[in-house]
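These are my notebook entries on a structure that I have not examined before. I begin with the pockets and then turn to the strands.

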Amino acid sequence: MLRERAAIYGVAPDDATVRLLQTYFLKVVAWNARLHLVAPCTPSEFATRHVLESLLAERFLAKGARVVDIGSGAGLPAIPLLIARPDIEAVLIEASAKKSVFLREALSAVGRQARARVVAERFERLPRPDAHALTCRALERFAETLPAMLEWAENVGTLLLFGGESLRERLEASGQAFYSILAPESERRFLFVVRREL
């Protein structure tokens, strides 16, 4: 399913990438009952809604980019991006200690532990990031948290934020210049791209 639908999302994963994404999916399934990482879904739904939607952000990451991912949870979008783009590095910030353990296990399972670091803390309590891009997909109270995130990441040039209309409204209210990409096969899930001149 992932390979069949990939072109719709503008990506073309090779065989090695698909195998690692399958390994990642199995790791999520194994931990999901304990940690509620993602809502129950079929393998094909996971492939499209979670993995391929995450990979919509890939085209906005320069070669060798340093990425900070806020509210990593199940590792989305960071782990699919690290799998598809072994040239990038990432810091995965996750406030839940238990989910942070999962993230480390998943990164090890797909061989990306050397290019990623997991920080078990709320982003607001951390120093401002030294990163080219920030990603965020499923942060609790995302729209309400957005102003603090924008300030915290003021030195980050590209923000790649996944959400719906409430997030769009908060971005508009913030005065940030952005554009949106509607996720294929969806009517209300978007990738919001914020580009800043630094």
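**Entry 1. The largest pocket.** I looked up the largest pocket in this predicted model and found a volume of about 840 Å³. I then listed its lining, which holds 37 residues; Gly-71, Arg-137, Ala-138, Leu-139 and Glu-140 are the closest to the centre of the pocket.

I next asked which elements give two or more residues to this lining. They are three helices and two strands by name: helix 3 (43-54), helix 6 (142-152), helix 7 (165-174), strand 5 (158-163) and strand 7 (190-195). Helix 3 provides the largest share, namely three residues.

I also sorted the lining of the largest pocket by class. I noted 18 nonpolar residues, eleven charged ones and eight polar ones.

**Entry 2. The second largest pocket.** For the second largest pocket I recorded a volume of about 230 Å³. Its lining consists of 16 residues, and those nearest the centre are Val-68, Val-91, Arg-117, Pro-129 and Asp-130.

Here the elements that contribute two or more residues are strand 1 (66-70), strand 2 (89-93) and strand 3 (116-119). Which strand gives the most to this lining? I found that strand 2 does, with four residues.

By class, I noted eleven nonpolar and five charged residues in the lining of the second largest pocket, and no polar ones.

**Entry 3. The side chains of strand 4.** I turned to strand 4, which covers residues 133-136. Are its residues buried or exposed, and which way do they point? Ala-133 and Thr-135 point one way, Leu-134 and Cys-136 point the other way, and all of them are buried. I set beside this a general rule: side chains in a regular strand alternate between the two faces of the sheet.

**Entry 4. The partners of strand 4.** I then looked up which strands pair with strand 4. Strand 1 pairs with strand 4 in the parallel sense, over four bridges. Within strand 4, Leu-134 has Val-68 standing opposite. I had already met Val-68 among the residues nearest the centre of the second largest pocket.

Strand 5 also pairs with strand 4, in the parallel sense and over four bridges. In this pairing, Cys-136 stands opposite Leu-161 of strand 5.

Finally, I followed the chain from strand 4 through helix 6 to strand 5, and I recorded this β-α-β crossover as right-handed. Both helix 6 and strand 5 appear in my first entry, since each is listed as giving two or more residues to the lining of the largest pocket.

Terms used
Residues are numbered from 1 along each chain as its sequence is written. This is a predicted model: local features need pLDDT of at least 70, side-chain atom pairs count only at pLDDT 80 or more; totals for chains, interfaces and linings use all residues. Side-chain values use heavy atoms; hydrogens and water are left out. On a 1 Å grid over the protein atoms alone, a cavity is a set of points where a 1.4 Å probe fits but cannot get out, and a pocket is an open set with protein on both sides within 12 Å along at least five of seven lines; lining residues have an atom within 4 Å of a point. Grid points are joined across faces, edges and corners, and a volume is the space filled by probe spheres set on the points. Ala, Val, Leu, Ile, Met, Phe, Trp, Tyr, Cys and Pro count as nonpolar, Asp, Glu, Lys and Arg as charged, and the others, Gly among them, as polar. Buried means under 20% relative accessible area, exposed over 50%, partly exposed in between (1.4 Å probe, protein chains only). Two strands pair if DSSP finds at least two bridges between them. A crossover is right-handed if, with the strands pointing away from the viewer, the path from the first strand over the helix to the second runs clockwise.
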